[in-house]
Structure formats: C-alpha cells, structure tokens
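Colleague: Hi! I'm new to this one and would love a quick tour. Can you walk me through it?

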Amino acid sequence: MNISQVAEKTGLSSKAIRFYEEKGLITTPSRSLNGYRTYNSRNIEELTLLRQARLVGFTLEECKELLALFHNADRRSADVKARTLEKVADIDNHIAELTKMRERLMELVELCPGDNGADCPIIDSFTGCCKKD
C-alpha cells in the first residue's frame, strides 16, 4: 500500500504518517524500486493504534509505550489496563483544573459590570491591581 492509501485507511494525513515514521514510532516501511514507501498490514495496525490513542489523549511518549505493548507477544492486558487507567486519572485531574479555572472566570464575570466604562474587575484581577478610590 502506498502512503495515500494508508492515509485514507487510517484517517491520518500523509504528513502525520511520515512524522510517526521519523519519530520511530512505526516499523519502517519497505521501499519499492522507485523509492516510494510500501506499507504492510503491521504498519496499518501501528498507525491505527496511534490515531486511536491520540484521539483519546495519549501523548507521543505514552503511544510509544502502547506500541511496545502491542509488539510484545508476552504482554499482559493488566499492563495495558494500568496505562489506560493512568491516562483516565490524568484526564480527571485536567478536568478538575479546568473546572477551577472556569469557576474563577465566572466569578470575575459576575464582578464585571460589562458596560461602556473602563473600570474592569477582570483586568484588575489579572494585573493584580485593586480599584483605586
């Protein structure tokens, strides 16, 4: 399969496929006589794993670990599950941080008159200023 066929099959761009290859995340595809990359089913599986893992928030380093597990015939599903639960915990922490940020922003919005005046508690809060009398 050539890169455009692989891109269509995996939902990745040709640029992303070449990027993953350059980073050493996928098995190096063979080359045809004219120098074009030729991808096999193993490459497709690796690229599909990368796409799916990235869609749910795994970093490149985490994807590398998942690919190592994918290639390890002696892997334990418990290891894959543990890595996935770590990602869930990371996401939960990120959600908590985002929730706090949202709450703080909403507090500031409530303080701001939102009128045509220059006085703005949001700007004052961001700059560390307080209202001057």
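Modeller: Happy to! Let's start at P29, which sits in the loop between α2 and β1 (30–31). Keep in mind that this is a predicted model.

Colleague: Okay, P29 then. Does P29 count as buried or exposed?

Modeller: P29 counts as buried, because its relative accessibility is 5%.

Colleague: And what does P29 touch, leaving out residues up to four places away in sequence?

Modeller: P29 touches E21, R37, T38, Y39 and N43. There is also a C-alpha distance to look at: P29 and N40 are 11 residues apart in sequence and 7.3 Å apart in space.

Colleague: Let me jump to the start of the chain. Where does M1 lie?

Modeller: M1 is in the segment before α1. With 40% relative accessibility, M1 counts as partly exposed.

Colleague: Which residues is M1 in contact with, beyond its neighbours within four places in sequence?

Modeller: Those are V6, K9, R37, T38, Y39 and I44. Take Y39: M1 and Y39 are 38 residues apart in sequence, yet their C-alpha atoms are 5.1 Å apart in space. R37, T38 and Y39 are also among the residues that P29 touches.

Colleague: Nice. Can we zoom out? How many helices and strands does the protein chain have?

Modeller: The protein chain has 6 helices and 2 strands. Reading from the N terminus, the order is α-α-β-β-α-α-α-α.

Colleague: What about the overall dimensions?

Modeller: The C-alpha trace spans about 80 × 40 × 20 Å along its principal axes. The radius of gyration of the protein chain is 24 Å, whereas a compact globule of 133 residues would be near 14 Å.

Colleague: How much of the protein chain is buried?

Modeller: Buried residues account for 22% of the 133 residues. As for contacts between residues at least 6 apart in sequence, 40% of them join residues at least 24 apart.

Colleague: Let's go back to α1. Which residues of α1 are buried?

Modeller: Helix α1 covers residues 3–10, and its buried residues are I3, V6, A7 and T10. Looking down the axis of α1, these buried residues fall within an arc of 105 degrees, so they line one face of the helix.

Colleague: Why would residues with that kind of spacing end up together?

Modeller: An α-helix has 3.6 residues a turn, so residues three or four places apart point the same way.

Colleague: Makes sense. What's on the other side of α1?

Modeller: E8 and K9 are exposed there. The buried residues of α1 have cover that includes α2 (14–22) and α3 (41–55). Just after α1 comes G11, with a positive phi of about 80 degrees.

Colleague: Is there a core to look at? Which residues touch the most other members of the largest nonpolar core?

Modeller: I17, Y20, L47 and L50 do, in a core of 18 residues. The elements giving two or more residues to this core are α1, α2, α3 and α4 (60–71). Of these, α3 gives the most, with 4 residues.

Colleague: Pick one of those for me. What does L50 touch?

Modeller: Not counting residues up to four places away in sequence, L50 touches Y20, L25, I26, C63 and L67.

Colleague: And S41, where is S41 found?

Modeller: S41 is found in helix α3. S41 counts as exposed, because its relative accessibility is 55%. The C-alpha atoms of S41 and F70 are separated by 14 Å, and the two are 29 residues apart along the chain.

Colleague: Changing topic: how many disulfides are there in the whole structure?

Modeller: A search of the whole structure finds 0. The closest cysteine sulfur to that of C112 is in C120, 3.8 Å away, which is too far for a bond.

Colleague: Is C120 buried or exposed?

Modeller: C120 is buried, because its relative accessible area is 17% and the cut-off for buried is under 20%.

Colleague: Last one: what does UniProt list for residues 1–69?

Modeller: The UniProt entry, which is unreviewed, lists "domain: HTH merR-type" for residues 1–69. In the model, that span is 61% helix and 6% strand, and its end C-alpha atoms lie 25 Å apart.

Colleague: Great, thanks for the tour!

Key: Residues are numbered from 1 along each chain as its sequence is written. This is a predicted model: local features need pLDDT of at least 70, side-chain atom pairs count only at pLDDT 80 or more; totals for chains, interfaces and linings use all residues. Side-chain values use heavy atoms; hydrogens and water are left out. Buried means under 20% relative accessible area, exposed over 50%, partly exposed in between (1.4 Å probe, protein chains only). The arc is that of the directions from the helix axis to the C-beta atoms. Contact means heavy atoms within 4.5 Å. UniProt positions are given in the numbering used here, feature names are shortened, and annotations may be inferred rather than shown by experiment. A nonpolar core is a set of buried Ala, Val, Leu, Ile, Met, Phe, Trp, Tyr and Cys residues joined through side-chain atoms within 4.5 Å. A disulfide is a pair of cysteine sulfur atoms within 2.5 Å. The radius of gyration is taken over C-alpha atoms; the globule rule is 2.2 Å times the number of residues to the power 0.38.
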